[in-house]
Amino acid sequence: MAGPGSYLIGKEELEQVLEVMESGYLFRYGDLKDTNFKHKVYTLEQEFADYCDVPYALATSSGTSALLISLLAMGIKPGDEVIVPAYTFVATYTSVIFAGGVPVLAEIDESLTLDPQDIEHRITEKTKAIIPVHMLGNPCDMNAIMSIADRHGLMVLEDACQAGGAFYKNRKVGTIGKMGAFSLNVFKTFTAGDGGIVVTDDEEFYKRAFGFHDQGHTANRAGVQVGDRNILGLNFRVNELVGAVALAQLRKLDTIISILRSKKRELKELISGIPGCSFRVLNDAQGECATLLTVLFETQDMAAQVSKALGTTTVDHSGWHVYANMEHVCSHLKELGRPCNKGAYPRTDDILSRAMNISVGVVDAGLGAGFGININSGDEEIKATAEKFRQACNLPL
């Protein structure tokens, strides 16, 4: 089980890695004039910034660290409230907590992303930021979210960890808010096994993010720096091997997304029109990653029966992506007097209990996507998968 990029690891990644290994130079910093220094991380940052059409990109050790670094760069301080969706990966919450902030959960809608209408109800005088999560590769309703943020003077950090390559209204996700965080984890659209990337068009935020990721050092450089540090930082750097694999994968990303969209379109057509079934709302049908096909059933009973017949689960049982399943986070929030028990976000609970994820590119039981196809599936496998689904609904092709 893995994301689509993992299925396409091949000679391009091998060539990039061998170039680094043969040079014997694994550290991300070096002299650009030194032929042994292959500057893979530096090049990755430049190419990803160009890909997203922003001036700044920063490679980090994970999507989690990309979120944490971004929050710190944006100036989130102890006690600041950050609005987050009740359906997301656990790192969205823990990054806020480790930055000293308080995650304030809000309902999702049938796009399985943050419900703009519920955001307004969660805003207080302590609210400083919103983190819309482009969950399962589906861009959030960013026009509505940015309108709310602008009206209330709030910063927006896009969690695009599951949406590398997606766009919203012709803009790459991650570039609409103040900052964006991406993941290079094995389950993501493009991968280096692990890793992350921060993007922004704000020079000051970029400098602060770079410093936090590298012991306070100055940003946007290839070489080592000694002295001249003006903020405290940690070590969230990546090495040249990670940069090499990520660089090769980035150059395949548009191809990956194109293949996924084609296969999802084929599968969706084959299972459309089943009574009692619909599909989640897409806020930009042309811009989503197409990593998963999410079915929404009219009733919880039908969702449970079909998912059981297919050896998978409804989304509400998909582990650390559902707020009530995060026992350690819930324990922390309860100490702060924040609701986290099942039933605290009834609309989210209802939607997730009626939802089932079918894999298209991300094959991950942790997302409730253990059933489906992958990026290498051919027409016969796609048709067979559709037939299994329809039979589980008692409607063969």
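A residue counts as buried when its relative accessible area is under 20%, and as exposed when that area is over 50%. With this cut-off in mind, the cysteines of this predicted model can be described one after another.

**The bonded pair**

A disulfide is a covalent bond between the sulfur atoms of two cysteines. Searching the whole structure turns up one disulfide, and this bond joins Cys-330 to Cys-340, with a distance from S to S of 2.1 Å. The two partners lie 10 residues apart and link distant parts of the chain, since Cys-330 belongs to helix H12 (residues 327-335), whereas Cys-340 sits in the loop between H12 and helix H13 (346-353). The link of Cys-330 and Cys-340 is left-handed, with an angle of -55° about the S-S bond.

**Cysteines without a bond**

Why does Cys-52 have no bond to Cys-289? The sulfur of Cys-289 is the closest cysteine sulfur to that of Cys-52, but the two are 11 Å apart, which is too far for a bond. Cys-161 is likewise in no disulfide, and the nearest cysteine sulfur, again that of Cys-289, is 12 Å away.

**Burial**

The table lists the relative accessible area of four cysteines.

| Residue | Relative accessible area | Class |
|---|---|---|
| Cys-330 | 6% | buried |
| Cys-340 | 2% | buried |
| Cys-52 | 4% | buried |
| Cys-161 | 10% | buried |

Cys-52, at 4% relative accessibility, is therefore counted as buried, because the cut-off is under 20%. By that cut-off Cys-161, with a relative accessible area of 10%, is buried too, although this cysteine is in no disulfide.

Terms used
Residues are numbered from 1 along each chain as its sequence is written. This is a predicted model: local features need pLDDT of at least 70, side-chain atom pairs count only at pLDDT 80 or more; totals for chains, interfaces and linings use all residues. Side-chain values use heavy atoms; hydrogens and water are left out. A disulfide is a pair of cysteine sulfur atoms within 2.5 Å. Helices (H or I, at least four residues) and strands (E, at least two) are DSSP runs, numbered from the N terminus. Buried means under 20% relative accessible area, exposed over 50%, partly exposed in between (1.4 Å probe, protein chains only).
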